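Here are my notes on the charged pairs, as promised. Keep the structure open beside you and find each residue as you read.

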Amino acid sequence: MQYNQIGNKIKELRLNHNLKQSEFANLFGVSMQAVSKWEHGGTPDIDILISIADYFELSLDELCGRTIRIEDKFDQFLYSSTLNTCDSKRMEQACKYCWSIFKGISGISTIQNLQYGTGTAKDVEFSRCRVGRNEGIAYFLAAQDVQLMALMPEPKDGFASILAEIDEYIKLFHLLSDPQTFQLFLFICTRPQLLFSISLAARETNIPEKNVEKIFIEFEQYGWLIKENADTDDGSVILYRPSYKEYFIFFLFFAQEVMRNPRFLYLGSVTNRTKPLLSNEKTTSSALRSSDKNKS
């Protein structure tokens, strides 16, 4: 006799748990005859199916014999679990999941049960972990005031292949090294997505309007500001709207990490990377072009 998939699964569960048909029936408030009927091709009502799935900690798909890839099931779990977490705890919950990922990346089997926890003020410098491998890098931070995970697989042609030319970095860092420019950079980071004038920016930062106007031209080139014209009773005026991105915070935070030179947990020693962070022809050629320009 050809049994259906649900019947096969029910019989498999019953036998694996050393249950007689009568014992299985008692668990779910049905008759022994009903269990026998299921195992020979019958189908339980949906409420009974749910009870069986819950009791044996299975999904309905698994109980019905549907094959589900572990990756798909895990993806669904992460999505639904994070989605159903209250808004104020959603980021923290995501960090806990990221901590499990980070432990797996480290390759250290003895830390599997090391629980996620934010560092106190006393051990704040030891709340950081890092992993460096030839296939990529990862950085984890669990301080009381900030939690973060950065994960970056290395491209086929190396990290340098996705970076800008050296001269472009020099231009950016030179721009932000000017105190007035950096002050205005921070100013636009504090602005909501509302229009403002050069005179307002000058008044808020105590920087002369002519300097603000000049710096804002460069900000426009980087896409940090959007210039708009507005008609008033006194004529047309130029207004600006900030176009900052979330990566500004990452930029400022990691710059701070570079300056701080923090100490790491022992996970920081998981750096079996044998090649430098930047190594390819692009890096060398960019450096040569920069050197040639500087000489000229």
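1. Start with Lys-9 and Glu-12, which form a salt bridge; their closest N and O atoms are 3.5 Å apart. Bear in mind that this is a predicted model. Both residues sit in helix 1 (residues 5–16), with their positions 3 residues apart, about one turn of the helix. As for Glu-12, its relative accessible area is 39%, so it is partly exposed.

2. Next, look at helix 7 (residues 87–106), which holds both Arg-90 and Asp-87. They too are 3 residues apart, about one turn of the helix. A salt bridge links Arg-90 with Asp-87, and here the closest N and O atoms are 3.0 Å apart. Is each partner buried or exposed? Arg-90 has 29% relative accessibility, so call it partly exposed. Asp-87 has a relative accessible area of 64%, and because the cut-off for exposed is over 50%, Asp-87 counts as exposed.

3. Now for a pair that isn't within one helix. Lys-275 makes a salt bridge with Glu-154, and their closest N and O atoms are 3.7 Å apart. Which parts of the chain does this pair tie together? Lys-275 is in the loop between strand 6 (270–271) and helix 13 (281–295), while Glu-154 is in the loop between strand 3 (147–153) and helix 8 (166–177), so the salt bridge ties together parts that are 121 residues apart in sequence.

4. Stay with that pair and check the accessibility of each partner. Lys-275 comes out at 35% relative accessibility, so it is partly exposed. Glu-154 is at 14%, and since buried means under 20%, Glu-154 goes down as buried.

5. Then there is a network: Arg-128, Glu-257 and Arg-260 are joined into one by salt bridges that share partners. You'll find Glu-257 in helix 12 (residues 247–260). Is Glu-257 buried or exposed? Its relative accessibility is 5%, so it counts as buried.

6. While you are at Glu-257, have a look at its contacts. Leaving out residues up to four places away in sequence, Glu-257 touches Arg-128, Tyr-139 and Pro-262. Arg-128 should ring a bell, as it belongs to the network in the previous point.

7. One last thing for your own tally: how many salt bridges does the structure hold? The total is 8, and among them are the Lys-9 to Glu-12 bridge, the Arg-90 to Asp-87 bridge and the Lys-275 to Glu-154 bridge.

Notes:
Residues are numbered from 1 along each chain as its sequence is written. This is a predicted model: local features need pLDDT of at least 70, side-chain atom pairs count only at pLDDT 80 or more; totals for chains, interfaces and linings use all residues. Side-chain values use heavy atoms; hydrogens and water are left out. A salt bridge is a side-chain nitrogen of Lys or Arg within 4 Å of a carboxyl oxygen of Asp or Glu. Helices (H or I, at least four residues) and strands (E, at least two) are DSSP runs, numbered from the N terminus. Buried means under 20% relative accessible area, exposed over 50%, partly exposed in between (1.4 Å probe, protein chains only). Contact means heavy atoms within 4.5 Å.
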